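Here is a walk through some helix packing, one covalent link and a few backbone oddities. Have the structure open as you read.

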Amino acid sequence: MRTSLVTAIAWSIAFAIPGYSALAQGHATKHGTVNLQTSCSERAQQFFDNGLALMHHMMYEEAEQEFAAAAQAAPDCGMAQWGIAMSYIHPLWGERPTDENLQKGKAAVEKAQQQNSLTDKEKAYVNAVSQFYENWENTSYADQLKAFEAGYKQAHEAYPDEVEAAAFYALGQLGTAPKTDKTFAKQKEAGALLEQLHAKKPDHPGMFHYIIHAYDNPLLATKAVNVSREYERIAPDVPHALHMPSHIFVRLGQWTDAVDWNIRSADAAIRQSPKDVVSMHYPHALDYMAYGYLQQGQDKKAQAVVEKLEAAVGYTPTFATAYALAAIPARQAMERGKWAEAAALPVRSPESFAWDKYPGAEAITHFAKGIGGARSGNTGVAEEAIMALNKLQKQLNSSGDTYWAAQAEAQQLAVQAWLAYQKGDKEKGLAIMREAADKEDALDKHPVTPGAVLPARELLGDMLLLSKKPAEAMLAYEASLKISPKRYNSLYGAALAAERAKDKEKARSYYLELLKTAPEADGDRESWAQAKKFAARK
């Protein structure tokens, strides 16, 4: 079913031919053009360039293979060791390298430092990455990322005309940008630098990729539309490059684009996955694909994505994989309001996956089960979910993962709110639900996810609507739409709330927006039928 890494193998074979030049043969456009000349041999440089381009696309495993090939071609190539060390660092993925990879990275840095042929510029790059690995055994991951940023800031200041140093400095800024800063100050600073570089180097992969990440937020997303639509020009068959534009499309509610790009990304990822292993880029693309389908009311197509996820075996253990495995089935149940189905979701599925490493992802399933249990009257499931979320929150806090600990806290509060409401204490439920929404809204979404599995602010709108407070509900839904434009359920909720608040003009506007957003929704969605019925009135 899956083939080997066709592109990587083709390049490796080509580079094995003496005198072969990737640029001369016109292959640079497969991954883009990078700009870091090393003191290594020509053959090693070719492997190095390919690895560097893949690293900017965040195809880290494939990049490491190319850097290893460069080291084999030229054992004295210190920059090949720099590349190996860099390939283990994933600043935006939300997970610290394993101890094994930290040891490998540290060893690669030390090997690079031992090379006598390093130029001063190369020493600056090696010094930059070395700061990430320094005393890693006793350093928190947050401080390691700060050291990464500081290292490349030094390299950038020492060599201001070096595109690669500037790109990695910008990446470091994005990796340390606080999730609670809704002004997105560091993202703006990094984005401005990257845009300047992009104007000078329009085919550089890092500029496309990191600009999208810099502007992947509600305030700045429109600034990355052109870059997103142009990305495939330099990397038409790189799975993560085909996925990245959907970060911006999701922020703007451009669901058809989000789905289409992730269909292509998933196809490339599965074709290029090694035998018996599924690349993490495959489930990652499926998550965004399912989310896009659900926002268009295309539940059957979303269910087909769930089935694709379940059919594949041998998933690569990464946080992005864990997140998709938990989020996709949870989304499928909760977005459709199938609360009993959500309550019945299996925990830690598939069982063979390394769930112990990813408590933040596991929390998603308990959140879905808890909300599903509370809203379907299964209080036992809801109570079990609260206990599980409390345990996972403590585990995340103790490990220093404050972002996902805060998310688990908001999820736990949301379940507590709906359980209180279901038991008849409506005011308590509303108070706790408001607290949950405030906590979740204080955090920007993580780059690994297209959005909350079910936004707390939207859940607050649901509860207010059930409490016969339509005007307040409408405000909650509208607040949700500011963060996540054109969300199906928030549009429907706002329309229904406006209708019950006797604001016919606003109700009509939201119903029409819903029909425009989901023109081909499955006919069995009651909300879609209600929207059509209201819109048909004169």
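Contact here means heavy atoms within 4.5 Å. Bear in mind that this is a predicted model.

## Ser228 and its surroundings

Let's start with a small residue. Ser228 sits in helix H11, which covers residues 225-230. Its relative accessible area is 0%, so Ser228 is buried.

What is Ser228 in contact with, once its neighbours within four places in sequence are left aside? The list is Ile212, Pro245, Ile248, Phe249 and Trp261.

## The disulfide

The structure has one disulfide. As a reminder, that is a covalent bond between the sulfur atoms of two cysteines. Here the partners are Cys40 and Cys77, with 1.9 Å between their sulfur atoms. The link of Cys40 and Cys77 is right-handed, with 80° about the S-S bond.

Where do the two cysteines lie? Cys40 is in the loop between helix H1 (6-15) and helix H2 (42-56), while Cys77 is in the loop between helix H3 (60-73) and helix H4 (78-87), so the pair ties together parts that are 37 residues apart in sequence. Both ends fall under the 20% cut-off for buried residues: Cys40 is buried at 14% relative accessible area, and Cys77 is buried at 1%.

## H13 against H15

Helix H13 (residues 245-252) packs on helix H15 (residues 281-295) at an angle of about 20°, and their axes are 11 Å apart. Are the two roughly parallel or roughly antiparallel? Angles under 35 degrees count as roughly parallel, and H13 and H15 are therefore roughly parallel to each other. The crossing of H13 past H15 is left-handed.

On the H13 side, the contact is made by Ser246, His247 and Val250; H15 brings His284, Tyr288 and Tyr291. Sorted by class, the contact of H13 with H15 has three nonpolar residues, three polar and no charged.

## H20 against H21

Further along the chain, the axes of helix H20 (residues 379-398) and helix H21 (residues 402-422) come within 9 Å and cross at roughly 160°. Since angles over 145 degrees count as roughly antiparallel, H20 and H21 are therefore roughly antiparallel to each other. H20, too, passes its partner H21 in a left-handed crossing.

The H20 residues in this contact include Thr379, Ile386, Leu389 and Leu396, and those of H21 include Trp404, Ala408, Val415 and Leu419. By class, the contact of H20 with H21 has nine nonpolar, eight polar and two charged residues.

## H23 and Phe367

Now look at helix H23 (residues 456-466). Of its 11 residues, 10 are buried, so H23 is largely enclosed by the rest of the structure. Among the buried ones are Arg457, Glu458 and Asp462, along with Leu459, Leu460 and Met463. What do the buried residues of H23 pack against? Helix H19 (359-376), H21, helix H22 (426-441), helix H24 (470-483) and helix H25 (488-500).

Phe367, in H19, is a good residue to click on next. Phe367 is buried, with 4% relative accessible area. Apart from neighbours within four places in sequence, Phe367 is in contact with Met334, Leu389, Gln411, Ala414, Val415, Val453, Leu454 and Leu459. Leu389 and Val415 also turn up in the contact between H20 and H21, and Leu459 is one of the buried residues of H23. Trp339 is 28 residues from Phe367 in sequence, and 12 Å from Phe367 in space, C-alpha to C-alpha.

## Backbone oddities

Most residues other than glycine have a negative phi, and most peptide bonds are trans. Ser349 and Pro350 are joined by a cis peptide bond, with omega about 0°. Pro350 is in the loop between helix H18 (339-343) and H19.

Two lysines take a positive phi. Lys468 comes just after H23, with phi of about 60°. Lys468 lies in the loop between H23 and H24, and is exposed at 74% relative accessible area. Lys502 has a positive phi of about 65°. Lys502 is in the loop between H25 and helix H26 (504-517), and with 71% relative accessible area Lys502 is exposed.

Note on methods:
Residues numbered from 1 in each chain as written. Predicted model: local features only at pLDDT ≥ 70, side-chain atom pairs only at ≥ 80, totals over all residues. Heavy atoms only, no water. Axes fitted to C-alpha atoms, helices over the stretch in contact; angles between N-to-C directions. Helix = DSSP H or I, 4+ residues; strand = E, 2+ residues; numbered from the N terminus. Parallel < 35°, antiparallel > 145°, perpendicular 65-115°, else oblique. Left-handed = near helix turned anticlockwise from the far one by under 90°. Nonpolar A, V, L, I, M, F, W, Y, C, P; charged D, E, K, R; others polar. Disulfide = S-S within 2.5 Å. Buried < 20%, exposed > 50% of the residue type's maximum accessible area, 1.4 Å probe, protein only.
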